[in-house]
Amino acid sequence: QVQLVESGGGLVQAGGSLRLSCEASGRTFSANSMGWYRQAPGKQRELVARISFAGITNYADSVLGRFTISRDNAKNTVYLQMNSLKPEDTAVYYCNRVPSYPDWGQGTQVTVSS
């Protein structure tokens, strides 16, 4: 079983920044690709950023150039630096393996006001 604990969300004005953190335990972390997903009200959960075990990153077009994913394998932690936030980034953000484990954390709420 895997445990995923996300933190760092909050309320921010458009154009602002937030840094999300996710600590993983219970499974081999460093060997897996990890990702940040988000789910806005009334929408399906979507993958917005991923990072391979080797540090190769990929982003959804909607966040490319604004979000940066990184990882610290020694701390079993993955991060998401979010800059130039927009109201449409408002969602609950989750981390998980890519492809995802069945178990999800509680997520962290990001709200961007216009």
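In this predicted model, strands S4 and S9 run antiparallel to one another and are paired over 6 bridges. Within that pairing, tryptophan 36 has cysteine 95 of S9 as its bridge partner. S4 is mostly covered, since 5 of its 6 residues count as buried.

The pairing of S4 with S9 belongs to an open sheet of 6 strands, whose order is S2-S10-S9-S4-S5-S6 and whose pairing is mixed. Strand S2 (10–13) and strand S6 (57–59) stand at the edges of this sheet, and because each has a single partner strand, one side of each is left without a neighbour in the sheet. Averaged over the sheet, and with direction ignored, neighbouring strands are turned by 25° against each other.

Moving from S4 towards the S6 edge, S4 meets S5 in an antiparallel pairing with 5 bridges, in which arginine 38 has glutamate 46 of S5 as its bridge partner. S4 and S5 form a hairpin with 6 residues between the strands, and there glycine 42 takes a positive phi near 75°. Strand S5 (residues 46–51) is in turn joined to S6 by 3 bridges, again with the two strands antiparallel, and arginine 50 stands opposite asparagine 58 in S6.

The other open sheet to follow has 4 strands in the order S1-S3-S8-S7, and its pairing is antiparallel. Its edge strands are S1 (3–7) and S7, each of which pairs on one side only, and the twist from one strand to the next averages 15°. S1 is joined to S3 by 5 bridges, with the strands running antiparallel, and here glutamate 6 stands opposite cysteine 22 in S3.

Cysteine 22 leads back to S9, for a disulfide joins cysteine 22 to cysteine 95, with an S to S distance of 1.6 Å in the model. The structure holds 1 disulfide, and it links distant parts of the chain, with cysteine 22 in strand S3 (residues 18–25) and cysteine 95 in strand S9, 73 residues apart. Both cysteine 22 and cysteine 95 are buried. Cysteine 95 is also the residue that stands as bridge partner to tryptophan 36.

Which residues touch the most other members of the largest nonpolar core? Of the 28 residues in that core, they are Trp36, Val78, Leu80, Met82 and Tyr93. The elements that give two or more residues to this core are S3, S4, S5, strand S7 (67–72), strand S8 (77–82), S9 and S10. S3 gives the most, with 4 residues. In soluble globular proteins, nonpolar side chains tend to be buried together.

The aromatic residues add a further set of contacts, and the structure holds 2 aromatic pairs. A pair of aromatic rings is described by the distance of the centres and the angle of the planes. Tyrosine 37 and tryptophan 104 are edge-to-face, at 5.0 Å centre to centre and with 80° between the planes. Because tyrosine 37 lies in strand S4 (residues 34–39) and tryptophan 104 in the loop between strand S9 (91–97) and strand S10 (108–113), this pair ties together parts that are 67 residues apart in sequence. Tyrosine 37 counts as buried at 9% relative accessibility, whereas tryptophan 104, at 29%, counts as partly exposed.

Tryptophan 104 also pairs with tyrosine 94: the ring centres lie 5.8 Å apart and the planes stand at 85°, so this pair too is edge-to-face. Here the parts tied together are 10 residues apart in sequence, because tyrosine 94 lies in strand S9 and tryptophan 104 in the loop between S9 and S10. Tyrosine 94 is buried, with a relative accessible area of 11%. Through these ring pairs, Tyr37, Tyr94 and Trp104 are linked into a cluster.

Tyrosine 94 has a charged neighbour as well, for the charged end of arginine 45 sits over its ring, 4.2 Å from the ring centre. An arrangement of this kind also involves arginine 97, whose charged end sits over the ring of tyrosine 101 at 4.3 Å from its centre.

Terms used
Residues numbered from 1 in each chain as written. Predicted model: local features only at pLDDT ≥ 70, side-chain atom pairs only at ≥ 80, totals over all residues. Heavy atoms only, no water. Pairing = 2+ DSSP bridges. Axes fitted to C-alpha atoms, helices over the stretch in contact; angles between N-to-C directions. Phe/Tyr/Trp six-rings, centres within 6.5 Å; stacked < 30°, edge-to-face > 60°. Buried < 20%, exposed > 50% of the residue type's maximum accessible area, 1.4 Å probe, protein only. Lys NZ or Arg CZ within 6 Å of the ring centre and 35° of its normal. Disulfide = S-S within 2.5 Å. Core = buried A, V, L, I, M, F, W, Y, C linked by side-chain atoms within 4.5 Å.
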